[in-house]
Amino acid sequence: MKKILFILFVIGCIANSNAQVPSYVPTEGLVAYYPFNGNATDNGGNNFNGVLINGTSFTNDRFGNPNSAAFFDGIDDYVKVVDNGSFSTPNISISLWFKTNSNALQNLIGKRKFE
């Protein structure tokens, strides 16, 4: 009986857990870090600040925190970041959460040369 209660307790704990963002995000070695806290400022220390293009705005994140997620209309919104070559590396790691209301083709990360 104790084993069954323990197993149910563990399952209950797992079922009610949420992902948490650590209060300290290490920035050493990062090219850029965009927490989307009401703006597209690079908090990684390299000043690769983003510019909101075509009406990109901010909304609640998945936990309900206001202005903590970027909102794109799915047509022409994006965040523009000028690359001085730091983003042109053979090794890259990107982490993001996204929610979509569309089945259409969507690009989450893109790089192109603006003339």
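How many helices and strands make up the secondary structure of the protein? In this predicted model, the count comes to one helix and four strands. Along the sequence, the order is α-β-β-β-β.

**Overall picture**

The protein has 115 residues, and 10% of them count as buried. Its exposed surface is about 9800 Å². Carbon and sulfur atoms supply 55% of that surface. Take the contacts between residues at least 6 apart in sequence: 36% of these join residues at least 24 apart.

**Thr-56**

Where does Thr-56 sit? Its place is the loop between strand 1 (51-53) and strand 2 (57-59). Is Thr-56 buried or exposed? Thr-56 is buried, because its relative accessible area is 8%, under the 20% cut-off.

The side chain of Thr-56 has polar partners on the backbone. One is the backbone oxygen of Ile-53, 3.0 Å from a polar side-chain atom of Thr-56. Another is the backbone oxygen of Tyr-78, which the Thr-56 side chain reaches at 3.1 Å.

| Thr-56 side chain to | Distance |
|---|---|
| Backbone oxygen of Ile-53 | 3.0 Å |
| Backbone oxygen of Tyr-78 | 3.1 Å |

Which residues does Thr-56 contact, leaving aside neighbours within four places in sequence? They are Phe-71, Phe-72, Asp-77, Tyr-78 and Val-79. Tyr-78 thus appears in this contact list and also supplies a backbone oxygen to the Thr-56 side chain.

Conventions: Residues numbered from 1 in each chain as written. Predicted model: local features only at pLDDT ≥ 70, side-chain atom pairs only at ≥ 80, totals over all residues. Heavy atoms only, no water. Helix = DSSP H or I, 4+ residues; strand = E, 2+ residues; numbered from the N terminus. Buried < 20%, exposed > 50% of the residue type's maximum accessible area, 1.4 Å probe, protein only. Contact = heavy atoms within 4.5 Å. Areas by Shrake-Rupley, 256 points an atom, 1.4 Å probe, with all protein chains shown as cover. Polar contact = N/O pair within 3.5 Å; in protein donor to acceptor, adjacent residues only side chain to side chain.
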